[in-house]
Amino acid sequence: MLNILWLGFFLIAAAAALFRWLVLGDADVFARLIASLFDMADLSVKLMLLLFGTLTLWMGFLKIAESAGLVAGLARLLGPLFRRLMPEVPAGHPALGLITLNFAANALGLDNAATPIGLRAMHALQTLNPEPKAASNAQILFLVLNSSSLTLLPVTIFMYRAQQGAADPTLVFLPILLATSASTLVGLLSVAFMQRLRLHDPVVLAWLGSGALLLGGFMALLASMSAAAVAALSSLLGNLVLFGILIVFLAAGAWKRIPVYERFIEGARDGFDVCKGLLPYLVAMLCAVGVLRASGALDVLLDGIRWLVHAGGLDTRFVDALPTALVKPFSGSAARALMIETMQHSGPDSFPALLAATVQGSTETTFYVLAVYFGAVGIQRARHAVGCALLADLAGVLASIGVCYWFFA
């Protein structure tokens, strides 16, 4: 799929450029294509330097949290819930701890760090699978929740916005929190419907009810505030939560008498190893998106969608962010490239750029996750995983659009 998508970007760009040259007489289009290639290659290196620092930093702190027992404690806390949502997984099974660690990495927005942990969790769940070629109920639930992108602290989104010169990189904190909550809730409910999970169980109701009350109360508070106050609160909470989590990790490590510096270095090395192989993918996708924009093909697509939206009597400002939403189920690197390109084209604090960042933080690369996670353990029958995951993605996109109009329109 990724090969087809990447090659398609270049072929469409070539066809659009030939049309502009032969039909419209625009001979400069090829100069723009070549300039775009070099510009995007240069941008890839600059982004990579910042990504190295971000992933290394957070993997280091995450290692401290793991060594201090915070991850294991969270696994014990979530154990009663997982025993009801994944009844075939025994209490205390190693898969529960790995699933918790994977969710922790996703919640911090560390997509690339979460993947190797998620693969270990999928292998652990496969040891309990009575039919190795078909996905088990527990594997499907884990994958759908993983692909619903439960991102509570999207540090990589903040990093990309900072690199592009956003006045306040954490401005999208609350929009992403609300949109990713909607995506995860829809994913959970769809899997529960397909698997006949007992969501009316007192423990499940306690967790879901508490989450719904907190989220509902928070949204009611936001509804009573002005747009400027909401933006200020999003900025404050984004920075406060980010720094607060670091202090909690360090305090827990010190309390347990863990050599926090050594653990940080150990985790940072893991982050470096995860990150160092990403540059070729970043260059490939940014260059492909760059030539697509330079050829005019992307603008033609967006103009067509904008015309349809306008004909329906709707506001068209969200259209410029749609490429990120359309590509995200297939490729995270392509969606990331489109988000960055939208920031460059419209400005990092423009409505399309804010919406693209929110979509990027609240949806996941569904087909990539399916291929990698299920392929790693030899699963050939995904059963209802694809439909539930795509439904969660759709919920995330629609929620992102609605929340961004609420916050930024």
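**Note on the predicted model: exposure, cores and charge pairs**

1. Leu-185 has a relative accessible area of 43% and is therefore partly exposed. The residue is placed in helix H8, which spans residues 173-195. Its C-alpha atom is separated by 8.5 Å from that of Ser-148, a residue 37 positions away along the chain. The coordinates discussed here and below belong to a predicted model.

2. On the surface, attention may be drawn to a nonpolar patch of about 710 Å², formed by Leu-18, Phe-19, Trp-21, Leu-22, Val-23, Leu-24 and Phe-30. Helix H1, residues 2-22, is the largest contributor to the patch, supplying four residues. Among the patch members, Leu-22 lies in this helix. Its relative accessible area is 62%, so Leu-22 is classed as exposed, the cut-off being over 50%. In soluble globular proteins, nonpolar side chains tend to be buried together.

3. The interior should be described next. The largest nonpolar core comprises 53 residues, of which Phe-318, Met-339 and Leu-355 touch the most other members. Helix H16 (residues 351-362) gives the most to this core, with seven residues. A second core, separate from that one, has 38 residues, including Phe-82, Val-89, Ala-95 and Tyr-373.

4. Which residues does Met-339 touch, not counting those up to four places away in sequence? They are Ile-157, Tyr-160, Thr-324, Ala-356, Ala-357 and Gln-360. Tyr-160 also takes part in a polar contact of 3.2 Å, its side chain being joined to that of Arg-336. Arg-336 is found in helix H15, residues 332-346. Is Arg-336 buried or exposed? With a relative accessibility of 14%, Arg-336 counts as buried, because the class covers values under 20%.

5. Turning to charged side chains, the model contains 10 salt bridges. One of them pairs Arg-84 with Asp-201, where the closest N and O atoms are 2.8 Å apart. This pair links distant parts of the chain: Arg-84 belongs to helix H3 (residues 70-85), Asp-201 to the loop between H8 and helix H9 (202-223), and the two are 117 residues apart. The partners fall into separate exposure classes: Arg-84 is partly exposed at 32% relative accessibility, whereas Asp-201 is buried at 8%. Side chains of opposite charge can pair when their charged atoms come close.

6. A further salt bridge joins the side chains of Arg-317 and Asp-315, with an N to O distance of 3.1 Å. Arg-317 is partly exposed, at 36% relative accessibility. Asp-315 is likewise partly exposed, with a relative accessible area of 35%.

7. Salt bridges that share partners join Arg-20, Asp-26 and Arg-32 into one network. Within this network, the side chains of Arg-32 and Asp-26 meet at 2.6 Å, N to O. Arg-32 has a relative accessible area of 35% and is partly exposed. Asp-26, at 15% relative accessibility, counts as buried.

Note on methods: Residues numbered from 1 in each chain as written. Predicted model: local features only at pLDDT ≥ 70, side-chain atom pairs only at ≥ 80, totals over all residues. Heavy atoms only, no water. Patch = residues over 30% accessible without salt bridge, like charges linked within 9 Å, V, L, I, M, F, W, Y side chains within 5 Å. Areas by Shrake-Rupley, 256 points an atom, 1.4 Å probe, with all protein chains shown as cover. Salt bridge = Lys/Arg side-chain N within 4 Å of Asp/Glu carboxyl O. Buried < 20%, exposed > 50% of the residue type's maximum accessible area, 1.4 Å probe, protein only. Polar contact = N/O pair within 3.5 Å; in protein donor to acceptor, adjacent residues only side chain to side chain. Core = buried A, V, L, I, M, F, W, Y, C linked by side-chain atoms within 4.5 Å. Contact = heavy atoms within 4.5 Å.
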